[in-house]
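Work through the exercises below with the sequence and the model side by side. Try each task before reading its solution.

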Amino acid sequence: MGAGGRMNVANTTDDKPLAHKRVPVSKPPFELSDLKKAIPPHCWKRSLVRSFAAVFRDFIIIGALYYLADTFIPMLPKPLAYVAWPVYWFFQGAYLMGLWVIGHECGHHGFSEYPWLNDTIGFIVHSLILTPYFGFKYSHRTHHANTNSIEYDEVWIPKRKSDKLYSEILNNPTGAFLVFVFKIVLGFPLYFVFNLYGRKYEKGITSHFYPYSPIFNDSERFQIFLTDLGVFATCYAVYRAAAIMGTQWVINIYGMPILFMSGFFILLTYLHHTHPSIPHYDSTEWDWLRGALATVDRNFGFLNHAFHDVTRTHTVHHLFPTIPHYHTFEAREAVKPILGEYYKYDDTPILEAIWRETKDCIFIEPEEVNGEKKGIYWFHK
């Protein structure tokens with residue numbers, strides 16, 4: 001029992017929830033300050049040693065995987081090489097995603113106490129993996145400020161029934177599969193370049209690479225120029241590597257791992273914000289705390305290690321985004337008794353979960369009470 005009322009039975013048995021049980025949408029019987037008080041004081045402390053250790057861990061593993069692939073896979077017989085390359089791409093992509101998580105943490109100033117150091121580290125690591133650091137930092141700020149608002153959230157805006165492409169044409173197993181493949185393969189570049197799956201702005205070119213995009217304000221535009229230079233520098237380095245080592249070498253060593261990393265990025269962000277049991281709100285119902293609680297923690301199995309375990313602590317991250325990743329699990333355990341039924345954890349196997357959410361979470365429609373539509377929306381298929 002806690003301030004959140006009766007504990008969700010699903011959350012009391014090895015974190016295995018009833019997958020489709022809807023979270024409450026009423027005003028929580030606790031405040032953000034109640035949750036903050038429950039978290040041990042040391043969880044708020046950002047350690048340079050631990051943060052840099054996480055960066056070094058990623059670079060060491062990425063370097064080791066590169067060395068093993070570049071040295072030994074070319075020596076294998078072709079049938080074995082055809083198997084070994086995808087294995088390398090998968091694991092290298094996973095640990096590149098871990099490096100991406102560090103850059104994301106820098107954007108929240110969870111890496112260190114020094115904003116200049118956070119931005120320097122974040123800019124470097126995100127540029128190396130073709131992510132516009134400052135562009136994402138500022139759009140992600142808007143996402144955290146408006147989570148699950150159908151008008152103002154910045155990413156994974158749900159479709160409406162009136163969108164016939166999704167509600168009718170693609171609303172079948174074949175269509176769901178095509179949507180899944182499209183998201184995994186192209187979702188990452190299309191989101192950053194064209195703001196696909198993002199909020200629709202009335203005016204201007206909406207792109208994380210365009211300094212005059214309506215995503216940003218005037219004081220941020222110069223940093224978007226810097227972001228473009230960082231990504232361009234990486235692209236030029238890749239071009240030079242291809243000229244020296246060959247295009248096939250670059251594709252195998254760097255290109256395919258980046259493609260896998262981008263797929264993991266889509267999986268994480270989509271599954272944390274898409275679930276049959278979590279609501280979206282319009283401006284008549286939305287408030288910050290209920291929006292932040294309308295997120296899902298997931299279990300990615302052995303990939304939790306590669307992703308610095310942010311997979312299982314996304315809800316507490318939305319509540320307190322400056323807590324560094326190495327303290328979020330402890331913070332999560334501290335607030336769970338208070339959250340009660342307002343906390344959602346789903347350890348459905350990831351492939352099963354992505355398929356379920358892709359075919360079941362097609363569009364949102366408002367909840368009806370006594371024939372009257374409210375500003376609370378649920379997924380339908």
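**Exercise 1. Find the acidic partner of Lys137 in a salt bridge, and say which helices the pair ties together.**

Solution. Start with the side chains: Lys137 and Asp119 meet in a salt bridge, 3.0 Å from N to O. The term means a side-chain nitrogen of Lys or Arg within 4 Å of a carboxyl oxygen of Asp or Glu. Next, place the two residues: Lys137 lies in helix α5 and Asp119 in helix α4, so the pair ties together parts that are 18 residues apart in sequence. Helices here are DSSP runs (H or I, at least four residues), numbered from the N terminus. Last, the count: the whole structure has 18 salt bridges.

This is a predicted model: local features need pLDDT of at least 70, side-chain atom pairs count only at pLDDT 80 or more, and totals for chains, interfaces and linings use all residues. Residues are numbered from 1 along each chain as its sequence is written, and side-chain values use heavy atoms, leaving out hydrogens and water.

**Exercise 2. Describe how α4 and α5 cross, and name the residues in contact.**

Solution. Take the axes, which are lines fitted to C-alpha atoms over the stretch in contact, with angles from 0 to 180 degrees between N-to-C directions. Those of α4 (residues 115–128) and α5 (residues 133–145) come within 9 Å and cross at roughly 115°. Now list the contact (heavy atoms within 4.5 Å). Helix α4 brings Asn118, Asp119, Gly122, Phe123 and His126, while α5 brings Tyr133, Phe134, Phe136 and Lys137. By class, four are nonpolar, three polar and two charged.

**Exercise 3. Do the same for α8 and α9.**

Solution. The axes of α8 (residues 221–245) and α9 (residues 247–273) come within 7 Å and cross at roughly 130°. That makes α8 oblique to α9. From α8, Thr234, Val238, Ala241, Ala242 and Met245 meet Thr247, Trp249, Val250 and Tyr254 of α9. The classes are seven nonpolar, two polar and no charged residues.

**Exercise 4. Locate Leu65 and list its contacts.**

Solution. Leu65 sits in helix α2 (residues 48–72). Setting aside neighbours within four places in sequence, Leu65 touches Tyr88, Phe91, Gln92 and Tyr95. Compare His140: Leu65 and His140 are 75 residues apart in sequence and 30 Å apart in space, C-alpha to C-alpha.

Note on methods: Angles under 35 degrees count as roughly parallel, over 145 as roughly antiparallel, 65 to 115 as roughly perpendicular and the rest as oblique. Ala, Val, Leu, Ile, Met, Phe, Trp, Tyr, Cys and Pro count as nonpolar, Asp, Glu, Lys and Arg as charged, and the others, Gly among them, as polar.
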